[in-house]
Amino acid sequence: MTARGHATAHGAGAQPEEADRLRELLRDRAYQKALVFSALIGVPVSLAAFWFLAGLHELEHLLWTDWPEHLGWDLPPWWWPLPLLTVAGLAVGLVVRYLPGAGGHVPALGLHTPATAPAALPGVILAAVASLTLGAALGPEAPLIALGGGLAAFFARLARAPATPQSTVLLGAAGAAAALSAIFGNPLVGAIILMEVAGIGGPQLFAVMVPALLSSGVGSLVFTGFGRWTGLSTGSLTLTWGVSSPRLDAGDVLWAVLMAVAIGVAVHVFLSTGRLAAGFVAKRPVIHTAVCALAAGACAGIYTAAVDRSPADVASSGQATLAQLAEDPHAWGVGALVAVLVCKGAAYALCLGSLRGGPTFPALFLGAAAGVLLAPLPGLGVVPGVAAGMAAASAAALRLPVSSVVLIVLVLGSAAMIPVVILAAVAAFVTVELLPSGHPAPPEGKPSAPQ
């Protein structure tokens, strides 16, 4: 038999072998019990995630809306973030110094978080509440992953479930996915993010998925273009909605790729600065965390003094501000967009290395703001610009291209921008992967330096 014949025979036998292995796994009683337990823990984990997010929202509204109004201000004054973020820095520094788990992972490391032990959950929750309610330019997704995984481990231990490496990974991923579905509003996003975060398949997964994403985006553009030019239809599994969607053209595609490269470089700078800040904080956690948090508050104060808008535009996750930007992008002048990109970008970098939270939501807002700012470019519209900006920033910050594409498509609520979203996500992901990694963050855990 020739070498080609051997290869063919080997390839032909590989798929049945993998299928048999999957059937054996699904028939395994231990795996079936783990599946049932995963379904059961989704209930308490989702409830815990709901109350965690509801508590964050109420506290944030109290501190940034109710208190300023009760004191006679329509918007918080420029100095408002300074004391709040200083308190946040001191609180997080004390948690890092004295509680197990150091308050969770360093946000500058992305969402590739280590497993959270149940004993570390109090510190993770305290650090997240202090950071996210007092003005950190971070999101709640990383604490939610830690909360879901830690609670899953706690319930498994409480139920005296047999602990194996496979069951530990499975239950941790199930708990984290249940918690993530609360913030993203869609269970599909949580499952895909956890698949990529877990690193299933390792670098080979990305090596296969990135070309597949790229070719599918290009293929979609080709099909769309030829369908429009020829008037012919090939038939596809799509739904037609009764609302108008913007039509992509060559300008949208070209600017989307160029934007994605630039945004990828900018986000890489933010993450590298965050890792430098993490190294600075590790030397004296309490004092240096407070210094970095105060500097982030100063960024918000400078923004308010410059453009007379709320400092919460900078000192927040950006989730609410993103909704305002999308609702009326023309309400933001060029000066306000430039100021929020500069000031929130600086605050984001500082918070990534010092406080606790996730990198997703601020990146989405920064990408959307960049898209609105660049929308007047010839051939680029607001919606394609925002879609490309968010996809590029998300893929660059998370290093999760597939999850970023799914997330942005669901956020947009339309399939019309999928080709631009894919191209921007792939371009930004490849850009940050080709850039030098910079200084690594210090190892996570309790610091040894004296105060």
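This briefing walks through the overall make-up of the chain, one of its pockets, two of its helices and one buried threonine. The model is predicted, and its chain folds into 16 helices with zero strands. Of the 451 residues, 47% are buried.

**The chain as a whole**

- Start with who touches whom: among contacts with a separation of 6 or more, 81% join residues 24 or more positions apart.
- The chain exposes about 21,400 Å², and carbon and sulfur atoms supply 69% of that area.

**The second largest pocket**

- Have a look for the second largest pocket, which has a volume of about 750 Å³.
- Its lining is made of 30 residues, and those nearest the centre are Glu60, Ala312, Ser316, Ala320 and Thr321.
- Four elements each give two or more residues to this lining: α2 (29–70), α4 (121–134), α6 (165–184) and α11 (319–327).
- Helix α2 gives the most, with eight residues.
- By residue type, the lining of this pocket divides into 13 nonpolar, 12 polar and five charged residues.

**Helix α4, one of the pocket's contributors**

- Helix α4 has 14 residues, which at 1.5 Å a residue should span 20 Å; its end C-alpha atoms are 20 Å apart, so the two values agree.
- Because 10 of its 14 residues are buried, α4 is largely enclosed by the rest of the structure.
- Among the buried residues of α4 are Leu121, Gly123, Val124, Ala127 and Ala128, and the list also includes Ser131, Leu132, Thr133 and Leu134.
- Just after α4 comes Gly135, which has a positive phi, near 120 degrees.

**Helix α3**

- You can repeat the length check on helix α3 (residues 81–98): its 18 residues should span 26 Å at 1.5 Å a residue, and its end C-alpha atoms are 26 Å apart, which agrees.
- Buried residues of α3 include Pro81, Leu84, Leu85, Ala88 and Gly89; Val92, Gly93, Val95, Val96 and Arg97 are buried too.

**A closer look at Thr304**

- Thr304 sits in helix α10 (residues 285–307).
- Why does Thr304 count as buried? Its relative accessible area is 8%, and buried means under 20%.
- Setting aside neighbours within four places in sequence, Thr304 is in contact with Pro76, Trp78, Arg309, Ser310 and Pro311.

Technical notes:
Residues are numbered from 1 along each chain as its sequence is written. This is a predicted model: local features need pLDDT of at least 70, side-chain atom pairs count only at pLDDT 80 or more; totals for chains, interfaces and linings use all residues. Side-chain values use heavy atoms; hydrogens and water are left out. Buried means under 20% relative accessible area, exposed over 50%, partly exposed in between (1.4 Å probe, protein chains only). Contact means heavy atoms within 4.5 Å. Accessible areas come from the Shrake-Rupley method with a 1.4 Å probe; for residues, only the protein chains shown count as cover. On a 1 Å grid over the protein atoms alone, a cavity is a set of points where a 1.4 Å probe fits but cannot get out, and a pocket is an open set with protein on both sides within 12 Å along at least five of seven lines; lining residues have an atom within 4 Å of a point. Grid points are joined across faces, edges and corners, and a volume is the space filled by probe spheres set on the points. Ala, Val, Leu, Ile, Met, Phe, Trp, Tyr, Cys and Pro count as nonpolar, Asp, Glu, Lys and Arg as charged, and the others, Gly among them, as polar. The expected span of a helix is 1.5 Å times one less than its number of residues.
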